[in-house]
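Notebook open, coffee poured. I want to see how the copies in this model sit together and which charged side chains pair up.

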Number of protein chains: 2
Amino acid sequence: MSTQNFADRLHDAIVARQSRVVIGLDPDFSKLPPALREKAQELPGPEGELEAISAFCRGIINATADIAVAYKPQVAFFERYGAAGYGVLQDLLVSHNEYLLIVDCKRGDIGTTSEAYAKAYFKLEGEPEPPLPCYAVTHNPYLGHDSIAPYEKYLAADRGMFLLAKTSNPSSAEFQDRLIDDVPLCDHVAAAVERWGEPFRGDYGYSSLGLVVGATFPETAARIRALAPHAPILVPGLETQGGKLTDAHHFADEKGLGAVFNFSRAVIYAYASGQFASSGDSSDFANCSRAAAEHYRRELNASLGV
Amino acid sequence: MSTQNFADRLHDAIVARQSRVVIGLDPDFSKLPPALREKAQELPGPEGELEAISAFCRGIINATADIAVAYKPQVAFFERYGAAGYGVLQDLLVSHNEYLLIVDCKRGDIGTTSEAYAKAYFKLEGEPEPPLPCYAVTHNPYLGHDSIAPYEKYLAADRGMFLLAKTSNPSSAEFQDRLIDDVPLCDHVAAAVERWGEPFRGDYGYSSLGLVVGATFPETAARIRALAPHAPILVPGLETQGGKLTDAHHFADEKGLGAVFNFSRAVIYAYASGQFASSGDSSDFANCSRAAAEHYRRELNASLGV
């Protein structure tokens, strides 16, 4: 891993692959292909499930490496198994560190605690590898700038962070849409990110401090895109959660850049149903995911006119 | 573990021990007693550090078990070591599940992800033990009720949750104090918790859905206490962060109940400085922590007039 600014690295990867597709690795054992679930029964309980989860994630990464611009492992699906789950997550991150890995951990704490979280995921050049190496993390803004400060030295080097502004779920309205000085809270977060991210801008103008804005709220996205023109946006909530590909332009800039779009269930469980479903015994699950990812890559590019 | 309502269990523990002291386990290797740090050098890198961290936490729990009403392990200080750190956290939780353990993880996500987090920490009666068993967790409110819904079945049984309303750090003002309809955001969170927690009230009137309010903001606490009379309050930020023991009554009810107060550094590193510092080689660190915890127990009770 070199010290290229994270926003520049993301930008280069988008252009090189002509892809804005992030694949979200949310491996839920009960939804894995039957072939993997059956094999898991050879090992006792959690061990078998984790073996299947590991094989599943690796299969999908291997089949989509030239299509996905980044992968977003969701920590919860590993933490659910405690230390053994963290072992699988750790191995997955370490053995795929040539990819842009964005760990979806949504941490947010203060002082020495926030420092400890940062050290779990990031390092500066010359430091020993962190246990859970990745290029970027998601983060919760509720505690304010104190929780971000310990990450700034990493953002100034080659790592990135996406701060939640507007999440894709229905009840995100409860607090995130409430008006403060006539402006929704999520817009205040976006404005803060635009300001806080200024020192971390790369050669293309984007900052390594980005935002999360749910695909389910395109009007919010259009406002936030204007409020935080230098923040790359990570967009969850397309397809399974109801966000529409045809709204992608609200999240991107006029060149179709500055935004990447996450697909979790719609890609990783493509084998199970829909137009990319497996026609056989589901052992071709990774190819189904590849077909789905390629479909979304093209659809997004078409929607963005790039 | 039986199915006693969590708020009742906490209440009974406060009364039985005459203590409102929660001990925060935030083990930072560089601050551990020299004796433990030296011993750690017998093992390679992280392994030695984790051995020391484990011995440190166990020493403090053993020395304070009759004084602390609960322990609050901070996940970040374990996650910082990846899977190996989670192994130590897991062992610590499993082997101390007779105590009220409140895991400070500040999670907050949606749908199946939030469910996965809940399963890491909680179980219903009759289900297999979760990997990271505890009685309660801290949680971030930013995503709204969707992120809490998957926890409700556990709250209805015998587990608890403390939702962040006002955190103890200076920049908590940036978003948490902003006015929405003339009322700070943290008050809206408190009002929502009062409403959401109604189904989880126990025999003493308190709900198993509580709040976090920093000791550094007693005026906010007085407002929130009135807004959410049924929510137990977990109070971080005393002493080291500047919160004052003499302000404790703003967080509690008129009987001095409904609030517990966390001490991390002021108790766990008591050996290193201040009136309870070690006079010897720091191998008596646990006794120093005991003396500090006992001091705070008495001071809090005196401040609350109980």
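Before anything else, the cut-off I work with: a residue is buried when its relative accessible area is under 20%, exposed when that area is over 50%, and partly exposed in between. I also remind myself that this is a predicted model.

**Entry 1: burial and a pair inside chain B**

I tried the cut-off on Asp187(B), which has 5% relative accessibility and therefore counts as buried. What does Asp187(B) pair with in a salt bridge? I found Arg223(B), with N and O 2.7 Å apart. Asp187(B) belongs to helix α9 (residues 185-196) and Arg223(B) to helix α10 (residues 218-227) of chain B, so the bridge ties together parts 36 residues apart in sequence. Arg223(B) is partly exposed, because its relative accessible area is 34%.

**Entry 2: a pair within one helix**

Next I looked up Arg297(B) and Glu294(B), whose side chains form a salt bridge at 3.0 Å, N to O. They are 3 residues apart in helix α12 (residues 285-304) of chain B, so about one helical turn separates them. I noted both Arg297(B) and Glu294(B) as buried. I also picked up a network here: Lys72(A), Asp104(A), Lys106(A) and Asp109(B) are joined by salt bridges that share partners. Over all chains, the structure holds 29 salt bridges.

**Entry 3: how the copies are related**

I laid chain A on chain B and got an RMSD of 0.0 Å, with a turn of 180 degrees and a shift of 0.0 Å along the axis. The two copies are thus related as by a two-fold rotation axis. Do the copies meet through the same surface or through different ones? Of the interface residues of chain A, 100% are also interface residues in chain B, so the copies meet through the same surface.

**Entry 4: the interface in numbers**

I wrote down the contact: 59 residues come from chain A and 59 residues from chain B. The buried area between the two chains is about 4,700 Å², and carbon and sulfur atoms give 58% of that. Which residues of chain A lose the most area to chain B? My list reads Glu79(A), Tyr142(A) and Phe175(A), which together make up 18% of what that side buries.

For polar pairing, I counted 34 residue pairs in polar contact across the interface, both residues being at pLDDT 80 or more. Several elements of chain A each supply at least two residues to the side touching chain B, among them α5 (82-94), β3 (102-107) and β5 (160-166). The largest share, 7 residues, comes from α6(A). By residue class, I split that side of chain A into 28 nonpolar, 18 polar and 13 charged.

**Entry 5: salt bridges across the interface**

How many salt bridges does the rule find across the interface of chain A and chain B? I get 6. One salt bridge that crosses between chains is Arg107(B) with Glu79(A), at 2.7 Å, N to O. It runs from strand β3 (residues 102-107) of chain B to helix α4 of chain A. Arg107(B) is buried, and so is Glu79(A). I already had Glu79(A) on my list of the residues in chain A that lose the most area to chain B.

I also logged Arg178(A) with Asp181(B), where the closest N and O atoms are 3.1 Å apart.

**Entry 6: backbone oddities**

I then went to Asp181(A), in the loop between β6 and β7 (183-184) of chain A. Its phi is positive, about 50 degrees, although Asp181(A) is not a glycine. Asp181(A) counts as exposed because its relative accessible area is 60%.

Gln18(B) also went into the log: its phi is near 45 degrees, a positive value in a residue other than glycine. I located Gln18(B) in the loop between α1 (6-17) and β1 (21-25) of chain B. With a relative accessible area of 33%, Gln18(B) is partly exposed.

**Entry 7: a lysine in a loop**

Last lookup: Lys123(A), in the loop between α6 and β4 (136-139) of chain A. Is Lys123(A) buried or exposed? At 14% relative accessibility, I have to call Lys123(A) buried. Its side chain makes a polar contact of 3.2 Å with the side chain of Glu129(A). Leaving aside neighbours within four places in sequence, I see Lys123(A) in contact with several residues, including Pro128(A), Tyr154(A) and Asp158(A).

Definitions and conventions: Residues numbered from 1 in each chain as written. Chains lettered and ligands numbered in written order. Predicted model: local features only at pLDDT ≥ 70, side-chain atom pairs only at ≥ 80, totals over all residues. Heavy atoms only, no water. Contact = heavy atoms within 4.5 Å. Buried area = accessible area lost by both parts, 1.4 Å probe. Salt bridge = Lys/Arg side-chain N within 4 Å of Asp/Glu carboxyl O. Polar contact = N/O pair within 3.5 Å; in protein donor to acceptor, adjacent residues only side chain to side chain. Helix = DSSP H or I, 4+ residues; strand = E, 2+ residues; numbered from the N terminus. Nonpolar A, V, L, I, M, F, W, Y, C, P; charged D, E, K, R; others polar. Buried < 20%, exposed > 50% of the residue type's maximum accessible area, 1.4 Å probe, protein only. Least-squares fit on C-alpha atoms with pLDDT ≥ 70 in both.
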